[in-house]
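Hi everyone, and thanks for making time this morning. I'd like to walk you through a structure that may be new to most of you, so please have a look at the screen.

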Amino acid sequence: MNENQGSERRTGGARRVIVGISGATGTIYGVRLLQTLASSGIESHLILSKWGARTLIHETTYSLDQVQQMADRYYSPNDQGAAVSSGSFLTAGMVVAPCSMRTLAAIAHGNGEHLIHRAADVIIKERRKLILVVREAPFSEIHLENMLKLARIGVVILPPVPAFYNRPQSIEQLVDHTVMRILDQFDIHLDLMPRWDGEMLPGRVPVPAGSTRS
């Protein structure tokens, strides 16, 4: 091995992202993230939980095999010996999209029941970027406490909140906006949807009846 080869191996994790898909509604976020990473040349490593797979079939037209093939590599959620279960496996970080409240709780309390939990635990201990696309409404106090606990140690809590300033015309565009914001966290900046530029559309500001201008 020459010096350049060694350098490539040490920095290779910067172009590698782990994607976890748990059993919460919104599996399309994880699917679209995999598609976008693939088109951007970013290496993706997929962990799809048992209930994530079940929800995928219920909510989308994609098969399990189709989604697995979108990733550069995929792992069984029961494979605790997988590469992503070790801190020596270099990555830019991990996204769980969507992230169920069960998965949130397991990560917050260090419960490595399956590989999504274990991989997230590794990302935290290695001080890498962990993004949880939490999906529930309304949030209970337990949910909020778990999110706060993780946010305080640097985990990014990124619920899939839609934007409307870019006037989305489809569900796909709403999903793309969230995926774009997820990738921004890794300094992967893709204009999947128009970004806010500070320019308002022309028009008069409406004045409610009975009010005075100020």
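I'll go from the overall layout to the helices, and then on to some side chains.

Before anything else, please keep in mind that this is a predicted model. What is the chain built from? Its secondary structure comes to eight helices and six strands. If you read along the sequence, the pattern goes α-β-α-β-α-α-β-β-α-α-β-α-β-α. The chain has 214 residues, and buried ones make up 44% of them.

Let's turn to how some of the helices meet. Take helix H2, residues 27–39, and look at its axis next to that of H8: the two come within 10 Å and cross at roughly 60°. That angle makes H2 oblique to H8. As for the hand of this crossing, H2 and H8 make a right-handed one.

Now a second pair, helix H5, residues 101–108, and helix H7, residues 141–151. Their axes come within 9 Å, with a crossing angle of roughly 45°. So H5 is oblique to H7. Is this crossing left-handed or right-handed? H5 passes H7 in a left-handed crossing.

While we are on helices, let me show you H6, which covers residues 115–125. How many of its 11 residues are buried? Eight of them are, so we can call this helix mostly covered, because buried here means under 20% relative accessible area. Among the buried residues of H6 are Leu115, Ile116, Val122, Ile123 and Ile124, and His117 is on the list as well. If you follow the chain just past the end of H6, you reach arginine 127, which takes a positive phi of about 60°.

Next, the salt bridges. The count for this model comes to eight, and I'll pick out three of them.

The first one I'd like you to find joins the side chains of glutamate 43 and arginine 16, at 3.0 Å from N to O. Glutamate 43 is in strand S2, residues 43–48, while arginine 16 is in strand S1, residues 16–21, so this pair ties together parts that are 27 residues apart in sequence. The two partners are covered to differing degrees: glutamate 43 has 28% relative accessibility and therefore counts as partly exposed, whereas arginine 16, at 17%, is buried.

My second example is the bridge between the side chains of glutamate 113 and arginine 102, at 2.6 Å from N to O. This pair also links distant parts of the chain, since glutamate 113 lies in the loop between H5 and H6 and arginine 102 in helix H5, 11 residues apart. Here glutamate 113 is partly exposed at 45% relative accessibility, and arginine 102 is partly exposed at 47%.

The third takes us back to helix H8. Aspartate 184 forms a salt bridge with arginine 181, and their closest N and O atoms are 3.4 Å apart. Both residues lie in H8, three residues apart, which is about one turn of the helix. A quick reminder helps here: an α-helix has 3.6 residues a turn, so residues three or four places apart point the same way. Aspartate 184 is buried at 11% relative accessibility, while arginine 181 is partly exposed at 42%. And this bridge has company, as Arg181, Asp184, Asp191 and Arg195 are linked in a network of salt bridges.

Let's stay in that part of the chain for a moment. In the segment after helix H8, which spans 171–184, you'll find tryptophan 196. With 47% relative accessibility, tryptophan 196 counts as partly exposed. Which residues join Trp196 in a nonpolar surface patch? They are Tyr165 and Met200, and the patch comes to about 390 Å².

One last stop, and it's a loop. Aspartate 72 sits between helix H4, residues 64–70, and strand S3, residues 73–75. Is aspartate 72 buried or exposed? At 54% relative accessibility, aspartate 72 counts as exposed. Where does the fold bring it? The C-alpha atom of aspartate 72 is separated by 5.3 Å from that of serine 44, although the two are 28 residues apart along the chain.

That's my tour. Thanks for listening, and do turn the model around yourselves.

How values were computed:
Residues numbered from 1 in each chain as written. Predicted model: local features only at pLDDT ≥ 70, side-chain atom pairs only at ≥ 80, totals over all residues. Heavy atoms only, no water. Patch = residues over 30% accessible without salt bridge, like charges linked within 9 Å, V, L, I, M, F, W, Y side chains within 5 Å. Areas by Shrake-Rupley, 256 points an atom, 1.4 Å probe, with all protein chains shown as cover. Salt bridge = Lys/Arg side-chain N within 4 Å of Asp/Glu carboxyl O. Helix = DSSP H or I, 4+ residues; strand = E, 2+ residues; numbered from the N terminus. Buried < 20%, exposed > 50% of the residue type's maximum accessible area, 1.4 Å probe, protein only. Axes fitted to C-alpha atoms, helices over the stretch in contact; angles between N-to-C directions. Parallel < 35°, antiparallel > 145°, perpendicular 65-115°, else oblique. Left-handed = near helix turned anticlockwise from the far one by under 90°.
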